[in-house]
Amino acid sequence: MRIPEREPGVLILSADGSILAEQGAFNGDDVRIADLPDYVPNAFIAIEDRRFRSHFGIDPLGLIRAAYANHRAGRVVQGGSTLTQQLAKNLFLSPDRTIQRKMQEIVLALWLEKNFSKNEILQLYLNRVYFGSGAVGIEKAARVYYQKSASDLTLKEAATLAGVVKAPSAANPVSNPAAAEQRGNLVLENMVEAGFITAGDAVSAIAESSDADPANRLSPRQFVVDWISEQLPEFVKDYEQSLVIETTIDINLQSLSEIAVIEELRTEGAKLKATEGAMVVMDGSGAVLALVGGRSYRKSQFNRATKAKRQPGSAFKPFVYLTALEHGYSPDTLVVDEPVRIGNWKPENYRKKYLGQVTLETALALSLNTVSARLVMQVGPEAVSAVAHRLGITSSIGTDASIALGTSEVTLLELTSSFAPFSNGGYPVSPYVVTRIKTRDGRIVYERNGTGFARAIGDRQLGDMNRMMRLVITQGTGNRAGFPGYDIAGKTGTSQGYRDAWFVGYTSELIAGVWIGNDDNTPTQKVTGGLLPAMIWRSVMEPAHLGLTPAPLPGAGIVATTEHPAVAGTVLDGGAAAKPLAPSQQSGSNFLERLFGGLSQQRPTTNPRGSGTGLTAYERMKRAQEDD
């Protein structure tokens, strides 16, 4: 027989090498008894097995005492197992409560006592026992509950953790702090009775303020950690060693995105009946730099960025307009905005207002529904669906005219990634977050490589699309997303009944998408893509561009420089222009920018063979094509 190794753990790193998360026992048995204050192991001895130092693995007196207590209570109230027996059960046995398993536990406890010293047994116990909240071992428990090493635990914290072992859920310091404190006080009383501490020490510890803080474990960052963990089986089937996963996550941009979503929902969401949000930020290669799956991981672990399929509304229209450009249209093509009927369907504009003859560019900037519906019927729904799939939409798309208004459901991640070709020079991307996986000793078991997809948008059509979506920002429904100094384009979207609000925008460096809505699909209070989503987008993307060199969006289209009379003064999608910009939206900086300062500018490049220093995402992709 031998002591089994702990199951291998996983260490997840952000792009700069900092720890994003640790799962399992990455470093094996983490603590040594010699490195802990005496009161830490003594707290466990006092409450679990006071005669641990003197018995031979089984405590006959403890068994008699437990049998008597159980007989008087008429039920099992004491177990009578020693620490050594508990360790034997944790190491070798199933949790079944049978006579055979109890006999096996006794035999194994005797074997442990024969082959290991008391300190070795106690050390194994502390490193293998479960503390709730996914924490196995006292080192992990100390970090989960108190964000410190086990060697730095206070007397009160040690007593609280010792009290958790018997009932990891009922006495959990996070979910049931009152029960945890009561149990911890009982541990302190037992430590006094056993002579490990004085009564004065116990009184001081009880008066100490030391609440468990699960902020790291329950922060929205856990959404991206879960997403990374879900992908691990795709890259590594079985592993016996602990793994290091290197990712593309920019830790500063991730924090900025989390705060932006949470704060906007906190300040504006309640009065606008919008309770949830999600955000994705990526670069032109598809590397995901930040991902927020919801406002509170504690309340819901459902990832709205990667799993929730919702109607994108007008955010789907760029695929309609690109299809039209490929069928001979141009931004200056004149179209008629007027009531239209397609079978039994009669699409309408916001407030049922119609502008008559307008250019294609104006129609997209103002998100005119009738024009989009006419375009779909003229080029064919199948052609629009093919273009959307070509650019990165992976969900199924309908084949009727209603796709003009974004009725086919998509995830935020796929919608955001499908806008990447407009930013990077026309190349579709497959969004990714894992770049390399190594074993703890440095052996590489997975490394991302490849040159990506062939170009999917012609140069002329690309320039025309960026020209039209630029107007969405400068004079259209996405005006709240704009900030000075950068060439920005994008598209707002609002589904029927104001149930979903979207904004996906981009520069030559970064692409980001934001969704706002409710999990139960109830309507918001007229939240449109040009309101909260655009405001969140700007509050993240403006500071994210600090220190980057502005560059124009790619493409050879003709850039319009004059204001469009049909656009100026028009009531925009869902009334987005009716609400004046707040001071924080008008200035060149905001609270989050002042709080975080510049973000780390190490962006994953699209060509690992070149440094890419000083190049835009588009230029890096062009270089990759030339190298190949």
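## A walk through a predicted protein chain

Let's start with how the chain folds back on itself: among contacts in the protein chain with a separation of 6 or more, 71% join residues 24 or more positions apart. Contact here means heavy atoms within 4.5 Å. You are looking at a predicted model, in which local features need pLDDT of at least 70, side-chain atom pairs count only at pLDDT 80 or more, and totals for chains, interfaces and linings use all residues. Residues are numbered from 1 along each chain as its sequence is written, and side-chain values use heavy atoms, with hydrogens and water left out.

The protein chain holds 23 helices and 12 strands. Helices (H or I, at least four residues) and strands (E, at least two) are DSSP runs, numbered from the N terminus. Of the 628 residues in the protein chain, 56% are buried. Buried means under 20% relative accessible area, exposed means over 50%, and partly exposed is in between (1.4 Å probe, protein chains only). The accessible surface of the protein chain is about 26600 Å², and carbon and sulfur atoms own 51% of that. Those areas come from the Shrake-Rupley method with a 1.4 Å probe; for residues, only the protein chains shown count as cover.

### The cores and helix 13

Which residues have the most contacts inside the largest nonpolar core? They are Tyr-321, Leu-415, Phe-419 and Phe-422, in a core of 77 residues. Helix 13 (residues 317–326) gives the most to this core, with 6 residues. Apart from this core lies another one, of 47 residues, including Val-144 and Tyr-145. A nonpolar core is a set of buried Ala, Val, Leu, Ile, Met, Phe, Trp, Tyr and Cys residues joined through side-chain atoms within 4.5 Å. In soluble globular proteins, nonpolar side chains tend to be buried together.

Zoom in on Phe-422. Leaving out residues up to four places away in sequence, Phe-422 touches a list of residues that includes Pro-318, Leu-322, Met-465 and Tyr-506. Pro-318 and Leu-322 are among the buried residues of helix 13. In helix 13, 9 of the 10 residues are buried, so this helix is largely enclosed by the rest of the structure. After helix 13 comes Gly-328, which has a positive phi, near 105°.

### Strands side by side

Now for the strands. Two strands pair if DSSP finds at least two bridges between them. One open sheet has 5 strands in the order 2-1-3-8-9, with mixed pairing. Its edge strands, strand 2 (19–23) and strand 9 (444–447), each pair on one side only. Here are three strand pairs.

| Strand pair | Bridges | Direction |
|---|---|---|
| Strand 1 and strand 2 | 4 bridges | antiparallel |
| Strand 10 and strand 11 | 6 bridges | antiparallel |
| Strand 11 and strand 12 | 7 bridges | antiparallel |

For strand 1, Ile-12 has Ala-21 in strand 2 as its bridge partner. Strand 10 and strand 11 form a hairpin with 5 residues between them, and Gly-497 in the turn has a positive phi of about 75°. Thr-494 has Ala-501 in strand 11 as its bridge partner. Another hairpin, through 3 residues, joins strand 11 to strand 12, where Trp-502 has Trp-515 in strand 12 as its bridge partner.

Is strand 11 largely enclosed or largely open? Enclosed: 7 of its 7 residues are buried, so strand 11 is largely enclosed by the rest of the structure. Asp-500, Trp-502, Val-504 and Tyr-506 point one way, while Ala-501, Phe-503 and Gly-505 point the other way.

### Two buried threonines

Thr-507 sits in the loop between strand 11 (500–506) and strand 12. Its relative accessible area is 2%, so Thr-507 is buried. The side chain of Thr-507 makes a polar contact with the side chain of His-545 (2.7 Å). A polar contact is a pair of N or O atoms within 3.5 Å; within protein, one must be able to donate a hydrogen and the other to accept it, and residues adjacent in sequence count only if both atoms are side-chain atoms. Beyond its neighbours within four places in sequence, Thr-507 is also in contact with residues including Ser-423 and Leu-553.

Where does Thr-524 sit? Its place is in the loop between strand 12 (510–517) and helix 20 (532–544). Thr-524 is buried because its relative accessible area is 8%. A polar atom of the Thr-524 side chain lies 2.7 Å from the backbone oxygen of Tyr-498. Not counting residues up to four places away in sequence, Thr-524 touches Gly-497 and Tyr-498, among others.
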